[in-house]
Number of protein chains: 2
Amino acid sequence: MNITPTMTAGFRFQTLATDGPARTGILHTAHGPLETPAFMAVGTAGTVKAMTADAVRATGCQCVLGNTYHLMLRPGAERIAALGGLHRFMDWPGPILTDSGGFQIMSLAALRKIDRDGVTFQSHIDGSRHRLTPAICMELQRLFDTTISMVLDECTPFPATYEAAESSMEMSMRWARSSREAFCQRPGYGLFGIVQGSTYADLRLRSVRALKDIGFDGYAVGGLAVGEGQPAMLATLDVTVPHLPEDAPRYLMGVGTPDDILCAVERGIDMFDCVIPTRAGRTARAYTASGVYNLRNARFADDPAPLDPECECPACSRHSRAYLHHLFRAGEMLGPMLLTWHNLAYYQSLMRGIRRAIQVGELSDYAARVRAGWKMQEVSR
Amino acid sequence: MNITPTMTAGFRFQTLATDGPARTGILHTAHGPLETPAFMAVGTAGTVKAMTADAVRATGCQCVLGNTYHLMLRPGAERIAALGGLHRFMDWPGPILTDSGGFQIMSLAALRKIDRDGVTFQSHIDGSRHRLTPAICMELQRLFDTTISMVLDECTPFPATYEAAESSMEMSMRWARSSREAFCQRPGYGLFGIVQGSTYADLRLRSVRALKDIGFDGYAVGGLAVGEGQPAMLATLDVTVPHLPEDAPRYLMGVGTPDDILCAVERGIDMFDCVIPTRAGRTARAYTASGVYNLRNARFADDPAPLDPECECPACSRHSRAYLHHLFRAGEMLGPMLLTWHNLAYYQSLMRGIRRAIQVGELSDYAARVRAGWKMQEVSR
């Protein structure tokens, strides 16, 4: 099935095939293509932790994330602009998405105060005072030269009462409109709106309607993976995604485990980001075709087998589980480096498999095979 | 000048050219060639810190060091042997040199007790008791499948009285003989003796004579770079190196700064190892053609220039000084990764320059140019 490419204001998003609600396609950006469904590696402070940019590219990753909150505080948006933008700064000529900073202000900054127009807060680094409004947020992302900008929003805490979720969502929708108005539209660049509304179906619908009225280059589902659990997350997707525009990319923010990703793709999500593969890699946890392993476990001390025989990353193609175990036991940096590389490579191989499966209309078979593989470890050990 | 290759018991050491006391050549080993003068990267626990094996190779490094003390304690020599040896374990098919562990026992282990035949000590990791004798030391290095083994010795502390240095040296010479007797000779593998004697010329000479009587595949100068200062180190080389066999490689252990290396090459040393480039890389210090820089320094915050325009490593070819500065300020692992890479690349480029200069008989010109470059930074900043 070949759907005609659609030109949104900033991007061309080309759907190549669908399989039920799932789609595979290409988001054409000023910094090159992003094949969807896509997993974007998280590079908070202008670096995917423990990875060179070359290594990130070698995993098959096409788009990385930067974090507006972290980058505005250090090294500063003006400085990044003066140095040629974030792409050049971090040696990533491909697409970059930056989040709006709203989430990190809520989780990291001190003395934050939200008002109608934005939020004032103190840096967690040096206590300096800063203000973020939709207009400032758009200007920061323009200074970064961000490919995919995100509107300023409030990530509604979970759980939230209906009233709290409603007023938070309404504020985010006002900020979304102000963000759109302040966003400097350029060809191949775009701005994504963010659906909020906690786990309340009618709030999610109102949020979708508000965003569609404004009109964005892509639509993110925010406020999930914040403690609600996978069933509630999927239920929220079930009531939200069918109402999102078909001709624009859909991005589930901050998600998730490989199974979360499969479930969300099955519901029509195109883009993902999550710290799981990088953070897990630094703490000796490996995601593989046969499940999750903790490489610190003593059972690996003498294991000559590769971590994941199906994987071509350096951790798997060059070393034994015993070596990886040794590196973590000895506190050597190469342990986190190799396991981060592996986890990102595994996530990218999962996304490649998903894209291929959708192309040939076999996503449910593929998902069943992958899920059966994950259970092997529990059975065999 | 082309000197006929010499077959020592284990290695073929081919001198290609000389320039005064300096020589350039090739040590042919069971695991491939080592071009000399050579700098060997330190991989204490089976990993060059913050580097993949591929990255170490990319710097031009041909031989890495492992540490017998660290590896015997963790992961253990029998385990490494069962996993196919240290080459396979750490993905380094090239030559590997392991030190004897004597130095680390003195500096790291608890409750060490030296007797005539060896040393008993407690692990700094878990307090377990261990014993190292020349025979055990040879067996450990055989289990690692070490290309270049070192005799068990005592690195005489500095300063030492004449009497202390004499009795320490004499013990090391007894251990050297026992090491040679216990060493399992195989083609392409070899054992190096270690000259001791602190800064006392006559003790050094007696040590050289003792080692030549025993006969080794290479001769190391030990007990230097332990606080005596460069003038005393070079004075000791001046009285030692001329008496070492011409047809075997000469290795100055634990040395040093780029200038130390130049000075020692000028005195006929062929091999070096040192933690300086890796340790400095982890603490933001960069060795370059124009001197040493501390990348944490605020003056680099906005500097768009490459760290070292002459260097082709990823830190220099892909990034600005401002980015490296940012990584260290933000505590990102990529900072130590990139700067370790750079420092090792710089050391290897220095060794390549030294080898070429000796080939064409222009070592003193080359050394003068390199030293003038190092002073640029002091002048311009």
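How many residues does the contact take from chain A and from chain B? The contact takes 33 residues from chain A and 33 residues from chain B. This is a predicted model. A rotation of 180° with 0.0 Å of shift along its axis lays chain A onto chain B, at an RMSD of 0.0 Å. That is the relation of a two-fold axis. The points below cover the interface, the domains, helix 13 with A:Gly335, and the sheets.

**Symmetry and the chain contact**

- Both copies use the same surface: 100% of the contact residues of chain A recur in chain B.
- A:Met333 is the residue of chain A that comes closest to the rotation axis, with its C-alpha at 4.2 Å.
- The contact draws 33 residues from each side, chain A and chain B.
- On the side of chain A that touches chain B, at least two residues each come from helix 1, helix 3 (77–82), helix 12 (314–318), helix 13 (321–329) and helix 14 (334–359) of chain A.
- Helix 13 of chain A gives the most to that side, with five residues.
- By class, the side of chain A that touches chain B has 18 nonpolar, six polar and nine charged residues.

**Domains of chain A**

- Chain A is divided into domain 1 (6–274) and domain 2 (281–380).
- The centres of domain 1 and domain 2 of chain A, taken over C-alpha atoms, are 27 Å apart.
- In chain A, 25 residues of domain 1 are in contact with 23 residues of domain 2.
- Strand 2 (12–19), strand 3 (22–29), strand 5 (38–42), helix 1 (53–58) and helix 10 (258–265) of chain A each supply at least two residues of the side of domain 1 that touches domain 2.
- Helix 10 of chain A contributes the largest share of that side, five residues.
- By class, that side of domain 1 of chain A has 16 nonpolar, three polar and six charged residues.
- Helix 1 of chain A supplies residues to the side of domain 1 that touches domain 2, and also to the side of chain A that touches chain B.

**Helix 13 of chain A**

- Helix 13 of chain A is mostly covered, with eight of its nine residues buried.
- The buried residues are A:Arg321, A:Ala322, A:Tyr323, A:Leu324, A:His325, A:His326, A:Leu327 and A:Phe328.
- The cover over these residues of helix 13 includes helix 12 and helix 14 of chain A, together with helix 4 (86–89) of chain B.
- A:Gly331 follows helix 13 of chain A and has a positive phi, near 70°.

**A:Gly335**

- A:Gly335 is found in helix 14 of chain A.
- Is A:Gly335 buried or exposed? A:Gly335 is buried, because 26 other C-beta atoms lie within 10 Å, and 20 or more count as buried.
- Leaving out residues up to four places away in sequence, A:Gly335 touches A:Ala284, A:Leu324, A:Leu327 and A:Phe328.
- Among these partners, A:Leu324, A:Leu327 and A:Phe328 are buried residues of helix 13 of chain A.
- A:Gly335 and A:Thr283 are 52 residues apart in sequence, yet 8.9 Å apart in space, C-alpha to C-alpha.

**Open sheet in chain A**

- Three strands of chain A form an open sheet in the order 8-9-10, with antiparallel pairing.
- Strand 8 (110–115) and strand 10 (129–132) of chain A are the edge strands, and each pairs on one side only.
- The twist in this sheet averages 15° from one strand to the next.
- Four bridges join strand 9 (residues 118–122) to strand 10 of chain A, and these strands run antiparallel.
- A:Val119 has A:Leu132 as its bridge partner in strand 10 of chain A.
- A:Phe121 has A:His130 as its bridge partner in strand 10 of chain A.
- The hairpin of strand 9 and strand 10 of chain A has six residues between the strands, and there A:Gly127 takes a positive phi near 75°.

**Barrel in chain B**

- Eight strands of chain B close into a barrel in the order 5-6-7-11-12-13-14-15, with parallel pairing.
- The twist in the barrel averages 30° from one strand to the next.
- Three bridges join strand 11 (residues 148–150) to strand 12 (residues 190–195) of chain B, which run parallel.
- B:Ser149 stands opposite B:Leu191 in strand 12 of chain B.
- Helix 8 (residues 201–214) of chain B lies across strand 12 and strand 13 (218–221) of chain B, and runs at about 160° to strand 12.

Technical notes: Residues numbered from 1 in each chain as written. Chains lettered and ligands numbered in written order. Predicted model: local features only at pLDDT ≥ 70, side-chain atom pairs only at ≥ 80, totals over all residues. Least-squares fit on C-alpha atoms with pLDDT ≥ 70 in both. Contact = placed C-beta atoms within 7 Å. Domains from an automatic or database assignment. Nonpolar A, V, L, I, M, F, W, Y, C, P; charged D, E, K, R; others polar. Pairing = 2+ DSSP bridges. Axes fitted to C-alpha atoms, helices over the stretch in contact; angles between N-to-C directions. Buried ≥ 20, exposed ≤ 12 C-beta atoms within 10 Å, placed from the backbone.
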